[in-house]
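Welcome! Here is a short tour of one protein model, taking in its cysteines, its charged pairs and the spaces inside it.

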Amino acid sequence: MSTRIAFLKGHGTENDFVIVPDPENAIDLSPSAVAALCDRRAGIGGDGLLHVVRSAAHPEAEKMAAEAEWFMDYRNGDGSVVEMCGNGVRVFARYLQRAGYVAEGDFTVATRGGVKSVHLSKDGDVTVGMGSALLPEGEVTVSVGERSWPALNVNMGNPHAVAFVDDLAHAGSLYDAAPFSPASAYPAGVNVEFVVDRGPRHVAMRVHERGAGETRSCGTGACAVAVATARRDGTDPAVTGTPVTYTVDVLGGRLVITEHPDGAIEMTGPAVIVAEGEIDAEWLATLHG
């Protein structure tokens with residue numbers, strides 16, 4: 001291993017990531033190393049880490065290599081492995097463009113949640129095909145303090161519980177995960193979104209992400225919120241036959257989510273690379289455990 005490892009820092013609506021380019025999957029990133037890199041005081045700092053690997057070089061992505069050259073090996077800030085991250089895909093795409101691997105237009109990215117279509121527009125926004133939502137049956141309740149709300153169970157390749165509230169302050173600090181029931185609904189934990197109305201087809205949200213706490217934005221969460229709002233509003237495209245678009249305000253900015261009658265969901269928003277540098281490989285080697 002060289003004494004220096006390249007990294008970049010980027011964000012999508014202030015959901016921020018450490019980016020580690022590693023085309024041949026040669027860098028060993030243990031959970032403890034990822035957590036240290038994402039530490040905001042002792043490391044670089046980020047809600048998560050984007051490990052950039054060629055699909056053919058990663059055992060979890062080999063089967064997708066014919067569809068997508070690049071695999072987003074995403075980790076949460078605590079080092080845990082995650083199926084999908086919508087803001088992460090946009091920032092991942094922006095890195096590929098910066099590195100000269102892709103150009104404006106359409107391409108694909110492999111994730112643990114499947115192959116995602118990406119469009120890089122000339123105006124700088126990135127649109128990601130997020131797949132379709134699954135709505136598991138059964139009632140779910142989330143709680144903060146003495147307050148409880150019914151929540152819609154929405155799976156976007158990762159699990160979400162979407163609750164509509166009167167005031168986003170009711171979500172509390174969101175430093176810790178909001179309790180939910182029944183426990184069987186989310187055996188591996190859940191991302192919880194609290195939502196208020198801002199206007200016609202316009203909502204705002206706060207989110208607790210598994211393994212990261214409250215984040216400034218969550219792409220899959222914004223999609224889950226749009227899906228839940230459409231069901232609440234009676235605008236489910238599968239029923240009306242007409243696409244529906246919701247503007248979703250997050251703490252770090254704004255995302256636009258469109259759901260089509262066939263269930264396909266598209267998310268559009270910004271993605272920015274803000275810095276690049278080098279990691280001391282000897283320091284990183286001490287973090288494995």
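## Cysteines without partners

A residue counts as buried when its relative accessible area is under 20%. By that cut-off Cys-223 is buried, because its relative accessible area is 0%. Cys-38 is buried as well, at 5%. Please keep in mind as you read that this is a predicted model.

How many disulfides does the count come to? The count comes to 0 disulfides. For Cys-38, which is in no disulfide, the nearest cysteine sulfur belongs to Cys-85 and is 11 Å away. A disulfide calls for two cysteine sulfur atoms within 2.5 Å. The sulfur of Cys-223 has its closest cysteine sulfur in Cys-218, at 8.7 Å, so the two are too far apart for a bond.

## Salt bridges

Charged side chains give us plenty to look at, with 17 salt bridges in the structure. One of them joins Arg-232 to Asp-197, with an N to O distance of 2.8 Å. Arg-232 sits in helix H3 (residues 219–233) and Asp-197 in strand E12 (residues 191–199), so this pair ties together parts that are 35 residues apart in sequence. Both ends can be placed by their accessibility: Arg-232 is partly exposed at 39%, and Asp-197 is partly exposed at 44%.

Other pairs join a partly exposed residue to a buried one. Glu-214, partly exposed at 26%, forms a salt bridge with Arg-206, their closest N and O atoms being 2.7 Å apart; Arg-206 is buried at 13%. Arg-231 is partly exposed at 28% and forms a salt bridge with Asp-236, where the closest N and O atoms are 3.4 Å apart. Asp-236 counts as buried, at 16%. There is also a network of salt bridges linking Lys-9, Asp-16, Arg-40 and Asp-47.

## The largest pocket

Some of these residues turn up again around the largest pocket, which holds about 320 Å³ of space. Its lining includes Arg-40, Asp-47 and Glu-214, along with Asp-39, Arg-41 and Tyr-175. By class, the lining has 5 charged, 4 polar and 2 nonpolar residues.

## The cavity

How many cavities of 30 Å³ or more are there? The count comes to 1. The largest cavity has about 70 Å³ of space. Two cysteines met earlier, Cys-85 and Cys-218, are among the residues lining this cavity, as are Tyr-74, Met-84, Glu-209 and Arg-210. The cavity lining is made up of 5 nonpolar, 5 polar and 2 charged residues.

Notes:
Residues numbered from 1 in each chain as written. Predicted model: local features only at pLDDT ≥ 70, side-chain atom pairs only at ≥ 80, totals over all residues. Heavy atoms only, no water. 1 Å grid on protein atoms, 1.4 Å probe; cavity = no way out; pocket = protein on both sides within 12 Å on 5 of 7 lines; lining within 4 Å. Points joined across faces, edges and corners; volume = space filled by probe spheres on them. Nonpolar A, V, L, I, M, F, W, Y, C, P; charged D, E, K, R; others polar. Buried < 20%, exposed > 50% of the residue type's maximum accessible area, 1.4 Å probe, protein only. Salt bridge = Lys/Arg side-chain N within 4 Å of Asp/Glu carboxyl O. Helix = DSSP H or I, 4+ residues; strand = E, 2+ residues; numbered from the N terminus.
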